[in-house]
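Dear colleague,

I am passing on the structure we spoke about, and I would be grateful if you could look through it with the notes below at hand.

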Amino acid sequence: MSKIARPEISDDGRQAFINLAGEDGEIDAYELQDILNRVFTKDFQFDGFSSDMTRGMVAMRDYDMSGKLGFEDFKKLWGDLVLCKRAFLALDSDGSGFFNNAEFERALHALGVEVPDSVLKAVTMRYSDKEGHVRFDDFVSCYIKLKSMMKIFKSKDFGKQGNVEFVKDEYVQLCMYS
């Protein structure tokens, strides 16, 4: 499958965000959870995004560490979520409602995530259930985490050599809040 095109958010989506965000123009993880669960539980059979998962989504886009997302960051996150939805629907080839290992690898590839087999094995173990199935919410969490970590790595790889340096506090902060 070729790479999946990034969607744009509609004017209705922008207005819905503004209505929810209120005066400060930002949403927190719990408001994000409400939006996502209203939209995505219609299309997939899962319990919805947990508060831990949506806190993680906010953290991965919360560059000012406010605990909230403004519209531009929400728009980028929304684009990632729609990409995940499209990939999941297109690549769940047997219609089972989850990815097997091969479908999971194809979906990551379709979204532009290229990782060595050792990383793929690790993320598969981390995001699959005991039968090796990856549900939609776990796929989203994995994709957004991988994308975020790769972006951080690239931003620190000044020589483009595949090596970065972190001081301990920076490393711990990135691991815990990303």
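What follows covers the nonpolar core, one helix pair and two loop residues.

Please keep in mind that this is a predicted model. Its largest nonpolar core has 46 residues, of which Met57 and Phe139 touch the most other members. Helix 1 (11-21), helix 2 (29-40), helix 3 (51-61), helix 4 (71-91), helix 5, helix 6 and helix 7 (136-156) each give two or more residues to this core, and the largest share, eleven residues, comes from helix 4. Leaving aside residues up to four places away in sequence, Met57 touches Leu32, Leu36, Phe49, Leu77, Leu81, Val140 and Ile144.

As for the helix pair, the axes of helix 5 (residues 101-110) and helix 6 (residues 117-127) come within 11 Å and cross at roughly 115°, and the crossing is right-handed. Helix 5 contributes Asn101, Phe104, Glu105 and Leu108 to the contact, while helix 6 contributes Leu120, Val123 and Thr124; these residues divide into four nonpolar, two polar and one charged.

Finally, two residues other than glycine have a positive phi. Met65, in the loop between helix 3 and strand 2 (68-70), has a phi of about 55°, and with a relative accessible area of 45% Met65 is partly exposed. Lys160, in the loop between helix 7 and helix 8 (168-176), has a phi near 55°, and Lys160 counts as exposed because its relative accessibility is 62%, where the cut-off is over 50%.

With best wishes

Definitions and conventions
Residues are numbered from 1 along each chain as its sequence is written. This is a predicted model: local features need pLDDT of at least 70, side-chain atom pairs count only at pLDDT 80 or more; totals for chains, interfaces and linings use all residues. Side-chain values use heavy atoms; hydrogens and water are left out. Axes are lines fitted to C-alpha atoms, for helices over the stretch in contact, and angles run from 0 to 180 degrees between N-to-C directions. Helices (H or I, at least four residues) and strands (E, at least two) are DSSP runs, numbered from the N terminus. A crossing is left-handed if the near helix is turned anticlockwise from the far one by less than a right angle, and right-handed if clockwise. Contact means heavy atoms within 4.5 Å. Ala, Val, Leu, Ile, Met, Phe, Trp, Tyr, Cys and Pro count as nonpolar, Asp, Glu, Lys and Arg as charged, and the others, Gly among them, as polar. A nonpolar core is a set of buried Ala, Val, Leu, Ile, Met, Phe, Trp, Tyr and Cys residues joined through side-chain atoms within 4.5 Å. Buried means under 20% relative accessible area, exposed over 50%, partly exposed in between (1.4 Å probe, protein chains only).
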